[in-house]
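Subject: Structure for you to look at

Hi,

Here is the structure I promised to pass on. Have it open while you read, and my notes on what turned up follow below.

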Amino acid sequence: MKFKGGIHPSYLKLTAGLPIEAMPLLERYLVPIGQHIGAPGDVVVEKGQAVKRGEPLTRPAGFVSVPVHAPTSGTVKKIADFPHPLGRPQLSIELEADGLDAWWESAAPVGDWRTLAPAALRDAIRDAGIVGLGGATFPTHVKLSPPEDKPIDLLVVNGAECEPYLTSDHRIMLEQAVDVCEGVGLMMRVLGVGRAMVGVEDNKPDALEALRRACPPDLPLEFRLLETKYPQGSEKHLIYALCKREVPAGGLPMDVGVVVQNVGTAAACVQAVRDGRPMTERVVTVTGSAVMEPRNLMVRIGTTLQDVLDHCGGVTGDLGKVIYGGPMMGMVQFDLECPVLKGTSGILCLKESEVTQFEGRACIRCGNCVDACPMLLVPSRMGVLVERSRWEDLGEACVTDCIECGSCAYVCPSRRPLVQYFKRGKLEWRAVQRRQDSHA
Amino acid sequence: MNTPVKDTVSVQNLIVSASPHVHAGQDVRAVMRDVLLALVPGVLVGLWFFGLPALVVLLLSVGGCVACEWAACRLLGRRSTVGDLSAALTGVLLAMNLPSGSPWWLVLVGAVVAIGLGKAIYGGLGMNPFNPALVARVFLLISFPVQMTRWVVPRGPGTGFDAATGATPLGAVKEAISLGRPLTAVDLPGAGDLLLGDMGGSLGEVGAAALMLGGFYLLWRGIIRWQIPVGFIASLVVVTGIAHAAAPDRYLHPLIHVLSGGLILGAFFMATDMVTSPVTRRGMLVFGVGCGLLTAVIRLWGGYPEGVSFAILLMNAVTPLIDRYTRPRVFGAPRRVLFSVRRGS
Ligand code: SF4
Ligand code: SF4
């Protein structure tokens, strides 16, 4: 099945052929306590305390919360507000490494996932601090706990990696194929589903082949090559492409009996349970024409952007933009002191000349955005409504269904900043709704 | 490839802006340039047949439109939009809608009307509800009917200078019918002449084949979608075909309808004007079909021999309405009742 709309950007997967390399140990790490969607944990260490790799630095505060762990052994130097990729400084733990990189004694294997109870697996996943590694950073144990009234019959595993440039999932599928498959099996056990489908875009047939070969015979995984089209990795579109179920507007995958997990997350889950390894590192694609040596790196969580770029030979003099994630939906960075987080799938460095300025000329009604929108919205109209501050009409235009994928802006000849418009439009529409509610 | 290396990165002034961070590379100027390029074969055929006077009309029209655009931007205190080439395109399209021997003042009045009344007063490119070139054409047709229907009949290629004036094929037919004469009494060009352009008309009414070539280029480049030209031509063929089958001595063969008058220019270049046509695919089809039906009605039963301009302008007027009612079903929204074959609950 193919979804309607979408675009074919230049993929520029510069690093697809480069194996994952471990980054050498550094002297200093900066671990923000909030790296996921949900409440940040409560800090459980003190200044000056010695910690080991994998030792929890926070304790979950509530259900939708996960701990963060020490990326290496060393001493807690400072607990204070530090630069954070989201923009505003956030409470972070500065760690001075001792160079020994010793593992925490309690970070021991949990057991065999094939025999452990689903609840125990779920706890282990939470304690390991695992979140959606595709970039969504929603705590995985929460996603694996669907409410009683939402029966799940299918686990969809996202190996699409539809963002240009990024290759971290591609490399994980190639190099950790067994862990990915085992992880899928583990998640199936937690969810109690008998069916799982793995979707990979057809520009990575080697990844799918690797998974197929590595798949243990007792796991009933279905592997599917999907059309290479952005945003194939969007949850709703991936589900549609794999099993033709349409997540209702405003709904979640569980409304159609599906849970979606990323391939890297699956591997992380099995590593946590089988090896007792909490999330202390992740694969990051460092790429773009403005970085000297593009690479796929295994980076400790809390490594600063500066350190990563230095390790990759530095950047060119005409560096224009640094982005966490891909060029379509990634988040722009303005401080190289910011650390790598659990959700950092890539670090993209674009030259000044490659950066598109969206200046917002008038819409010429070319219809490109209408053809491109995978949600089948009419972005041209929504854009005009935002420009004219006609907030109350935005609901009827379905602005809340926009997934901010950027396909519309990508093809707009007038270079209208459509995504920015729709982010604003959503806020304003919600405000309108609140006003209406309070009157009612 | 990569320029200077710094051991340690230290960057200030990083560009900060929202996603997406890359773009397909197209811009308005490139779109307009493509349309202009697509018009080249048609323009060349027209110039070949009508010679120097047609060239004068073309240059005056383009120059006039560009000058008006510049002046309008100055007057309104806006950044000049001459560079986006849309005014130049309007100029070419206007020239193609005028008799090739039009006096200079007629062309300039047309340019002022097209850019001033057709576009600038609405706020410039993107804001105008009607196709500016057609606004000018119809304005001139109503204000200066004599000059606007003084068609030059080409006397073979390259002899534009001493061409005589005469009626367009559609005009001749309309006249014959109003005088009660049968169509066989009218000296009509053959299909080959129509395709090549050997007949009376405006710059853009001759050379159907060359115009179509340009149209296909635009389709191939993805600048226009097939829905408008196909809907336009198909519906015209159906209606004129039925009429012709019922009364062959009163109504022309549909092929002649397609190849004569401004139809090809209209279907591929005027009706497809992005600003004034729908943005959805289904809307484009409705729009194209509407244009074809209206053209057929005006040509067969209306007071004017040619109906393409009026048809397109009328459809321009209902474009917002068409857009409203042809919005696609949003992904995940309930299907319309008529097609409710949803899986499960
Ligand atoms: S950003 Fe929103 S409106 Fe634009 S293409 Fe994506 S879903 Fe459609
Ligand atoms: S792509 Fe841009 S110019 Fe074209 S219709 Fe959409 S918003 Fe308007």
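Let me start with a hole in chain B: helix 7 gives the most to the lining of the second largest cavity, with four residues. Bear in mind throughout that this is a predicted model. Helix 7 covers 169-178, and along with helix 13 (281-301) of the same chain, it is among the helices that each put at least two residues into that lining. If you want to click through the wall, select Leu170(B), Val173(B), Lys174(B), Ile177(B), Arg250(B), Tyr251(B), Leu252(B), His257(B), Arg299(B), Leu300(B) and Pro305(B). By class that comes to seven nonpolar, one polar and three charged residues, around a volume of about 120 Å³.

How many cavities of 30 Å³ or more does a search of the whole structure find? The count is eight. The largest cavity holds about 250 Å³ of space, and 20 residues line it. Nearest its centre you'll find Met32(B), Leu89(B), Leu93(B), Asp273(B) and Met274(B). Helix 1 (28-50), helix 3 (86-96) and helix 5 (132-143) of chain B each bring at least two residues to this lining, with the largest share, four residues, coming from helix 3. The lining splits into 13 nonpolar, five polar and two charged residues.

Staying with chain B, it has 14 helices and two strands, and 54% of its 345 residues count as buried. Among its contacts with a separation of 6 or more, 74% join residues 24 or more positions apart. Helix 12 (residues 263-270) of chain B is worth a look: eight of its eight residues are buried, so the helix is largely enclosed by the rest of the structure. Those residues are Leu263(B), Ile264(B), Leu265(B), Gly266(B), Ala267(B), Phe268(B), Phe269(B) and Met270(B).

On to how the two chains meet. Here 76 residues of chain A touch 51 residues of chain B, and the chains bury about 5,300 Å² between them, 56% of it on carbon and sulfur atoms. On the chain A side, Glu246(A), Ile364(A) and Arg365(A) supply 15% of the area that chain A buries against chain B, more than any other three residues.

Then there is ligand 1. Which of the 14 residues around it come nearest? They are Cys373(A), Cys402(A), Cys405(A), Gly406(A) and Cys408(A). Helix 10 (379-387) and helix 11 (407-411) of chain A each supply at least two residues of the shell. Sorted by class, the shell has eleven nonpolar, two polar and one charged residues.

One last residue to zoom in on is His141(A), which sits in helix 2 (residues 140-143) of chain A. Is His141(A) buried or exposed? Its relative accessibility is 2%, and buried means under 20%, so His141(A) counts as buried. Setting aside its neighbours within four places in sequence, His141(A) is in contact with Phe63(A), Ser65(A), Val66(A), Arg122(A), Ile125(A) and Arg126(A). For a sense of distance, Ile172(A) is 31 residues away from His141(A) along the chain, and their C-alpha atoms are separated by 21 Å.

Cheers

Definitions and conventions
Residues numbered from 1 in each chain as written. Chains lettered and ligands numbered in written order. Predicted model: local features only at pLDDT ≥ 70, side-chain atom pairs only at ≥ 80, totals over all residues. Heavy atoms only, no water. Buried < 20%, exposed > 50% of the residue type's maximum accessible area, 1.4 Å probe, protein only. Near = heavy atom within 4 Å. Nonpolar A, V, L, I, M, F, W, Y, C, P; charged D, E, K, R; others polar. 1 Å grid on protein atoms, 1.4 Å probe; cavity = no way out; pocket = protein on both sides within 12 Å on 5 of 7 lines; lining within 4 Å. Points joined across faces, edges and corners; volume = space filled by probe spheres on them. Contact = heavy atoms within 4.5 Å. Buried area = accessible area lost by both parts, 1.4 Å probe.
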